[in-house]
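Reader: I should like to understand the reasoning behind several terms applied to this protein. Please set each term against its criterion.

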Amino acid sequence: MRIEYRQSRWRNAREFLEPLIFELRDEEPTEIPPLGEIPGEVRRKHISIPNLSEPEVVRHYVRLSKMNYGIDDGPYWLGSCTMKYNPKICEAVASWDEVKWMHPDQPIDTVQGCLKLMYELSSLLRMITDLDRFSFQPMAGAHGEYTGCLIIRKYHEDRGEERDEIIIPDSAHGTNFASAAMAGFKVIRIPAYKDGTIDIDALESAISNKTAGMMVTNPNTLGIYEDKLDVISDMIHEAGGLMYYDGANFNALIGRVSLKKMGIDIAHLNLHKTFATPHGAGGPGAGAIGVVEKLYEYLPIPVVEYDGKKYYLRYDLPRTVGKVSGYYGNFSVLVKAYLYLLMLGWEGLKTVSGISVLNSNYAYVKASQIEGLEPIYGENKIRKHEFVLSSAKLFKEKGIRARDIAKRLMDYGYHPPTVYFPPIVKEALMFEPTETENKREIDGYIEALKRIVNEDPEILKNAPYNTAIGRLDEARAVKDMILSWKMMKRRSSPGRIRNRR
Ligand SMILES: *Cc1c(COP(=O)(O)O)cnc(C)c1O
């Protein structure tokens with residue numbers, strides 16, 4: 001019943017192919033009203049904004065929103081992204097006047113509340129991770145990684161050591177390789193064991209006196225917990241390196257682990273994934289970065305401190321890597337994370353991690369019973385917040401690709417999973433149900449998957465059918481990038497979308 005309902009809910013999307021707002025406007029350019037103070041020579045004569053009435057604008061955006069799919073429409077099992085339901089109250093508080101009209105240049109006496117919030121948020125994250133100090137400057141997870149790599153670089157430079165290699169396992173998130181390379185390191189890749197965890201023998205032979213550090217993602221991109229991190233950290237520390245922990249997906253672990261006991265020196269958390277900020281399509285985010293005490297002086301400036309009476313901003317960290325963004329980071333994301341933590345409390349947070357793992361394992365067992373979907377690594381291991389299945393068998397036997405399954409899910413009213421990631425699994429489908437879905441929703445999703453793999457493969461190849469736009473030519477989208485409306489207008493043919501109906 002649920003599936004039929006979802007399908008019919010989406011079936012009409014094709015009828016709404018909404019033009020761009022620029023295509024809706026009148027032909028004449030908008031006259032700019034006189035703007036008293038602006039001198040004539042810098043004033044524009046015409047401005048290219050659509051000349052539409054308020055109801056036209058409202059209707060345009062409402063129609064667009066109906067073409068879209070979001071977490072408030074239905075399940076969104078996009079592995080590694082933690083697309084969970086975010087309590088609306090967090091959004092409401094972040095838009096209070098007292099929050100949104102703050103200016104980062106205000107004298108600190110007038111923003112004691114904001115500084116207190118940041119200070120207390122870092123105390124809460126200290127409890128959650130067991131690390132000692134936090135900076136909220138990085139604007140995203142990858143930005144936190146990059147900042148961490150800058151710290152690793154500076155740490156070795158200060159000690160007069162020439163270390164330019166970072167070890168990263170194959171099962172790490174793709175951004176780790178890019179962040180290390182951007183910070184000037186050579187990346188040494190090591191494989192995973194068949195059980196999905198880091199291959200310790202390969203690690204042993206990768207370590208040298210050039211090792212600056214290691215970056216691990218935990219749970220790794222297979223959704224599997226790296227249970228030998230204490231041993232691995234000892235190996236890296238003995239060789240003189242630092243341990244970086246990608247904690248972007250902390251959903252599975254909140255309230256249950258100590259990064260310090262794992263031997264971690266630097267870590268980032270994605271506040272926008274784990275701690276309730278709607279995200280995607282590039283923001284907004286906060287890649288809070290935490291370090292052990294000995295690396296405190298390397299954090300980006302300023303850091304928020306408290307002298308017993310007043311909160312203040314400290315700029316004189318002797319070894320700081322400098323600034324990695326303007327001011328103090330994405331403040332509204334910090335507000336939402338703080339509120340989320342206070343609302344749930346310690347027991348609530350443990351429930352979050354418990355249910356995220358329970359949901360993922362329930363869905364894993366059910367989905368891997370579907371003929372043609374198989375785990376490649378760690379078959380009998382417990383999953384954390386997510387799991388990866390390969391549809392390589394379906395490709396071999398029926399020509400069905402992971403991509404086809406993902407696209408067809410849209411016709412059933414579900415957001416597709418992450419596909420072709422991690423790259424160590426062929427025809428990978430990566431599912432993350434998150435803790436905010438219940439059994440009904442999980443069963444519905446699995447049922448849709450089951451129906452899809454049993455459909456005529458020809459149907460799957462051209463899916464989706466019920467969305468506003470059909471199958472995109474992804475290769476062309478990369479080779480022939482049309483990134484704006486103006487670029488599209490400049491082309492003789494607007495055929496940016498093969499299947500536009
Ligand atoms: C999402 C994610 C990142 C990157 O975070 P962004 O905020 O998108 O930059 C890094 N590592 C892991 C494991 C992730 O899931």
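Author: I shall begin with one pairing in this predicted model. Ile266 has Val291 in strand 9 as its bridge partner.

Reader: What makes strand 8 and strand 9 a pair?

Author: Two strands pair if at least two bridges are found between them. Five bridges join strand 8 to strand 9, residues 287-291, and the two run antiparallel. Five bridges meet the criterion of at least two, so strands 8 and 9 are called paired.

Reader: How do you know that strand 7 also pairs with strand 8, and in which direction do they run?

Author: Strand 7, residues 242-247, is joined to strand 8 by four bridges, and these strands run parallel. Four bridges also satisfy the requirement of at least two, and therefore this is a pair. Within strand 8, Ala267 is the residue opposite Tyr245.

Reader: Why is strand 8 called mostly covered?

Author: A residue is called buried when its relative accessible area is under 20%. In strand 8, which comprises residues 266-270, five of five residues are buried. The term therefore follows from the count.

Reader: What is known of the two faces of strand 8?

Author: In a regular strand, side chains alternate between the two faces of the sheet. On one side of strand 8 are Ile266, His268 and Asn270, and on the other are Ala267 and Leu269. Each of these residues is buried, so both faces are described as covered.

Reader: Why does Glu437 count as buried?

Author: The relative accessibility of Glu437 is 11%. The cut-off is under 20%, so Glu437 counts as buried. Glu437 is located in the loop between strand 14 (428-431) and helix 15 (439-453).

Reader: Which residues are in contact with Glu437, neighbours within four places in sequence aside?

Author: They are Pro75, Trp77, Asn359 and Ile442. Contact here requires heavy atoms within 4.5 Å.

Reader: Turning to the whole protein, why is it called as compact as a globular protein of its length?

Author: The protein has 18 helices and 14 strands. Its radius of gyration is 25 Å, and the globule rule gives 23 Å for 501 residues; the two values are close, so the description applies. The C-alpha trace spans about 70 × 65 × 45 Å along its principal axes.

Reader: What share of the residues count as buried?

Author: Of the 501 residues, 51% do. In addition, among contacts with a separation of 6 or more, 70% are between residues 24 or more positions apart.

Definitions and conventions. Residues are numbered from 1 along each chain as its sequence is written. This is a predicted model: local features need pLDDT of at least 70, side-chain atom pairs count only at pLDDT 80 or more; totals for chains, interfaces and linings use all residues. Side-chain values use heavy atoms; hydrogens and water are left out. The radius of gyration is taken over C-alpha atoms; the globule rule is 2.2 Å times the number of residues to the power 0.38. Buried means under 20% relative accessible area, exposed over 50%, partly exposed in between (1.4 Å probe, protein chains only).
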